[in-house]
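The exercises below concern one protein chain. Please read each task, attempt it with the structure in view, and then compare the worked solution.

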Amino acid sequence: MKKKWVIWILLFGVVLLSLAVLAACGGSTPAATTGEQAAGEECTEIPKPTNAGSPGAAVGLTGDPTAGETVFSANCTVCHGDQGKGGVDNPGSDDGTVPELNPVDACLKSTDATVFATNLDLFIEYGNVPEGESPAKQMPAFGKQGTLTQQQIADVIAYVMSLNK
Ligand code: HEC
C-alpha cells in the first residue's frame, strides 16, 4: 500500500511540473505575437513627402550601387552623413537632426525591392520640408529640379538599398 502512495505522489509531481512548463511556454507565445503586431502597426504609415507625385522613371531602371556611392558622396553626405550614418544637426526642425539612411527608417524598408526603391525614390524625386518652425536643412527635389538624372537616382537608390540589406 505504502509504495502505491509514493508512486501517486511522484505522478502528481510530474503533472504539476509539466503544467508549470506549459504555462511558461504559453505565456511567451502571445507576447511574441504582440511584438510582431506592434512592429507591423508602426509601419502602417510609410513616410512620404507631402508634395509627392508619381514615382520617377528611376524605379524602372537598373541602378549601379558603385556609381550610386559617388552620387551619394557628392549630393547626400552633406546632410545624411558619411555612408548615410547620420549625425547631422538640423536646427529649427522638430527632429533636431537630418534622418540617417543607414540604417534607414524601418517603415521605408521592404523585402520587395520595387516597393523599397519606390519609397526612397519619392523623397529623392520630390524632396520634403521636415516638420518644425524653420528647418535649416530641407530635402531637395533632385528629380523634379533635374539636379540628378533618372539614372543617377536609380544608382543612388541602389547604393542606399545596399547599405540596408
Ligand atoms: C540639404 C540637406 C539634404 C540633402 C543634400 C539630402 N537630403 Fe535627404 N533628407 C533631408 C531631410 C531634412 C530629410 C527629412 C525630410 C522630412 O522630415 O520629411 C530627408 C529625408 C530623406 C529621405 C527619407 C528618410 C526618412 O527617414 O524619412 C531619404 C530616403 C533621403 N532623404 C535621401 C536622400 C538622398 C539619396 C540624397 C542625395 C541624393 C539626399 N537625401 C540629400 C535633407 C537632405
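Four exercises with solutions follow.

The model is a predicted one, in which local features need pLDDT of at least 70, side-chain atom pairs count only at pLDDT 80 or more, and totals for chains, interfaces and linings use all residues. Residues are numbered from 1 along each chain as its sequence is written.

**Exercise 1. Describe the chain as a whole and the confidence of its model.**

Step 1. Helices and strands are taken as DSSP runs, numbered from the N terminus, where a helix (H or I) has at least four residues and a strand (E) at least two. The chain has five helices and zero strands, and its pattern along the sequence is α-α-α-α-α.

Step 2. A residue is buried if 20 or more other C-beta atoms lie within 10 Å of its own, exposed if 12 or fewer, and partly exposed in between, with C-beta atoms placed from the backbone. Of the 165 residues in the chain, 23% are buried.

Step 3. The predictor's confidence in each residue is pLDDT, which runs from 0 to 100. Its mean over the chain is 85, and 75% of the residues reach 70 or more.

Step 4. Two residues are in contact if their C-beta atoms, placed from the backbone, lie within 7 Å. Over residues 25-40, pLDDT stays under 50, and the model has zero contacts there beyond four places in sequence.

**Exercise 2. Determine how helix H2 packs on helix H5.**

Step 1. Two packed helices are described by the angle between their axes and the distance between the axes. Axes are lines fitted to C-alpha atoms, for helices over the stretch in contact, and angles run from 0 to 180 degrees between N-to-C directions.

Step 2. H2 (residues 65-75) and H5 (residues 150-163) pack at about 100°, with axes 7 Å apart. H2 is therefore roughly perpendicular to H5, since angles of 65 to 115 degrees count as such, those under 35 as roughly parallel, those over 145 as roughly antiparallel and the rest as oblique.

Step 3. On the H2 side, the residues that meet H5 include Gly68, Val71 and Phe72, while those on the H5 side include Val156, Tyr159 and Ser162.

Step 4. Serine 162 is partly exposed because 14 C-beta neighbours lie inside 10 Å. Serine 162 and glycine 68 are 94 residues apart in sequence, yet their C-alpha atoms are 9.9 Å apart in space.

**Exercise 3. Compare the expected and actual span of helix H4, and state how far H4 is covered.**

Step 1. The expected span is 1.5 Å times one less than the number of residues. The 14 residues of H4 (residues 113-126) should therefore span 20 Å, which agrees with the 20 Å between its end C-alpha atoms.

Step 2. H4 is mostly covered, as ten of its 14 residues are buried. Among them are Leu120, Leu122, Phe123 and Ile124.

Step 3. H5 is included in what covers these buried residues. In turn, the buried residues of H5 pack against H2 and H4.

**Exercise 4. Which backbone features occur at asparagine 102, glutamine 83 and glycine 127?**

Step 1. Asparagine 102 and proline 103 are joined by a cis peptide bond, with omega about 5°. Proline 103 lies in the loop between helix H3 (77-80) and H4.

Step 2. Glutamine 83 is in the loop between H3 and H4. Its phi is near 55°, a positive value in a residue other than glycine. Glutamine 83 counts as partly exposed because 17 other C-beta atoms lie within 10 Å.

Step 3. Glycine 127, just after H4, has a positive phi of about 65°.
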